[in-house]
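Reader: I'd love a close look at one part of this protein, the network of salt bridges. Could you walk me through it and then show me what lies around it?

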Amino acid sequence: MWVIMKKLIITLAAAVLLSACSVDIPFINEKPLEKAEKNPQLAERNEQTKENYASNAKGEEESSLALEAAYFNAIKEVNGIKEIVNATNTLALVNKEFALPGSYIPDDLVRPKVPFSFGNQDIEKSYLRKEAGSALEKMFSAAKESNIHLFAVSGYRSYARQESILNNEIGKVGEEEALQAVAFPGKSEHQTGLAMDISSESVQYLLVEEFEDTDEGKWLKENAHRFGFILRYPKDKEKITGYQFEPWHFRYVGEKNAQIMYKNGWTLEEFFQEVRKL
Ligand SMILES: [Zn+2]
């Protein structure tokens with residue numbers, strides 16, 4: 001009996017270790033989703049949801065749904081890649097279609113005063129742009145007041161680091177499979193310095209789908225917009241965002257915009273479809 005127990009403990013420990021590795025290789029969970037294309041049910045659901053949002057949009061928000069042109073991506077095509085020229089825009093839409101230039105490094109990166117899953121290490125991924133950083137601090141302290149203990153896991157990621165993560169993965173599993181799991185350099189939202197992956201002790205600070213069912217995950221889903229953050233890759237929006245559901249990935253877009261997106265159930269992609277350019 002004890003031998004079986006021991007075996008079980010070893011197996012469990014190994015499983016935890018394997019998962020923990022993915023924390024250090026962010027985006028390993030952020031796989032491009034091609035399933036939706038092949039899943040007519042999901043596609044249909046997306047269509048229905050879209051219709052609902054379209055009718056919602058005709059409500060009271062309509063008059064305020066307009067933004068200065070500076071908040072829209074300005075694009076130039078470089079070697080077939082749609083590159084974002086106005087990369088400092090806090091509403092920059094970075095996804096599988098639009099990339100940040102390799103040279104873009106935000107010039108206002110700060111280390112927010114929040115608990116990190118890796119403690120006090122002063123490393124690249126603990127940084128965010130100033131505005132996003134102070135919003136994150138406010139969000140974490142409001143959460144704490146409600147007895148919700150959040151941990152920041154991964155924020156800013158440079159183009160160079162994204163490139164090395166991808167190359168590392170190509171070395172391990174080959175190019176085709178690597179590109180399924182790791183974002184192409186420039187196409188990771190973490191390069192904006194406006195996105196933070198958040199987790200909790202109850203899921204061992206991992207970036208896993210189970211985070212959705214934790215008190216922390218639920219609190220974030222319902223409250224992040226009050227501080228200017230959106231759940232960037234929601235469930236059932238895979239076809240629109242190009243990424244699987246990620247209950248841990250939050251993107252700063254400013255309070256007003258986050259409220260609008262939350263209220264209408266829009267992703268950042270849908271927001272830009274609905275909003276008028278001034
Ligand atoms: Zn992320």
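Author: Happy to! Glu189, Arg232, Arg251 and Glu269 are joined to one another in a network of salt bridges. Please keep in mind that this is a predicted model.

Let's take one link of that network, the one between Arg232 and Glu269. Their side chains form a salt bridge with an N to O distance of 2.9 Å. Arg232 sits in the loop between E9 and helix H8 (238-241), while Glu269 belongs to helix H10 (residues 268-274), so this pair ties together parts that are 37 residues apart in sequence. Are these two charged partners buried or exposed? Both Arg232 and Glu269 are buried.

The next residue along H10 has a link of its own. Glu270 and Lys237 meet through their side chains in a salt bridge, again given as 2.9 Å from N to O. Glu270 is in helix H10 and Lys237 is in the loop between E9 and H8, so parts 33 residues apart in sequence are tied together by this pair. Glu270 counts as buried because its relative accessible area is 3%, under the 20% cut-off. Lys237, at 4% relative accessibility, is buried as well.

For a contrast, look at Glu97 and Lys82. They form a salt bridge whose closest N and O atoms are 2.9 Å apart. Glu97 lies in the loop between strand E3 (81-84) and strand E4 (98-99), and Lys82 lies in strand E3, with their positions 15 residues apart in the chain. Here Glu97 has 40% relative accessibility and counts as partly exposed, and Lys82, at 28%, is also partly exposed. Across the whole structure, a search finds 9 salt bridges.

Now for the pocket. The largest one holds about 410 Å³ of space. Its lining is made up of 25 residues, and those nearest its centre are Lys221, Leu231, Pro234, Tyr262 and Gly265. Helix H3 (40-57), helix H7 (215-223), strand E9 (229-231) and helix H9 (255-264) each contribute at least two residues to that lining. Sorted by class, the lining has 14 nonpolar, 4 polar and 7 charged residues.

What about the nonpolar packing? The largest nonpolar core contains 31 residues, and Leu136, Met139, Ile198, Trp219 and Phe229 have the most contacts inside it. Two or more residues come from each of helix H4 (130-145), strand E7 (151-154), strand E8 (195-199), H7 and strand E10 (249-252). H4 gives the most, with 7 residues. Leu136 makes a good starting point for a tour: setting aside neighbours within four places in sequence, Leu136 is in contact with Pro112, Val114, Leu128, Met196, Ile198 and Phe229. Apart from this core lies another one, of 22 residues, which includes Ala92, Phe98, Met261 and Val275.

Finally, the wider frame. The protein's secondary structure comes to 10 helices and 11 strands. Of its 278 residues, 49% are buried. Among contacts with a separation of 6 or more, 68% are between residues 24 or more positions apart.

Definitions and conventions:
Residues are numbered from 1 along each chain as its sequence is written. This is a predicted model: local features need pLDDT of at least 70, side-chain atom pairs count only at pLDDT 80 or more; totals for chains, interfaces and linings use all residues. Side-chain values use heavy atoms; hydrogens and water are left out. On a 1 Å grid over the protein atoms alone, a cavity is a set of points where a 1.4 Å probe fits but cannot get out, and a pocket is an open set with protein on both sides within 12 Å along at least five of seven lines; lining residues have an atom within 4 Å of a point. Grid points are joined across faces, edges and corners, and a volume is the space filled by probe spheres set on the points. Helices (H or I, at least four residues) and strands (E, at least two) are DSSP runs, numbered from the N terminus. Ala, Val, Leu, Ile, Met, Phe, Trp, Tyr, Cys and Pro count as nonpolar, Asp, Glu, Lys and Arg as charged, and the others, Gly among them, as polar. A nonpolar core is a set of buried Ala, Val, Leu, Ile, Met, Phe, Trp, Tyr and Cys residues joined through side-chain atoms within 4.5 Å. Buried means under 20% relative accessible area, exposed over 50%, partly exposed in between (1.4 Å probe, protein chains only). Contact means heavy atoms within 4.5 Å. A salt bridge is a side-chain nitrogen of Lys or Arg within 4 Å of a carboxyl oxygen of Asp or Glu.
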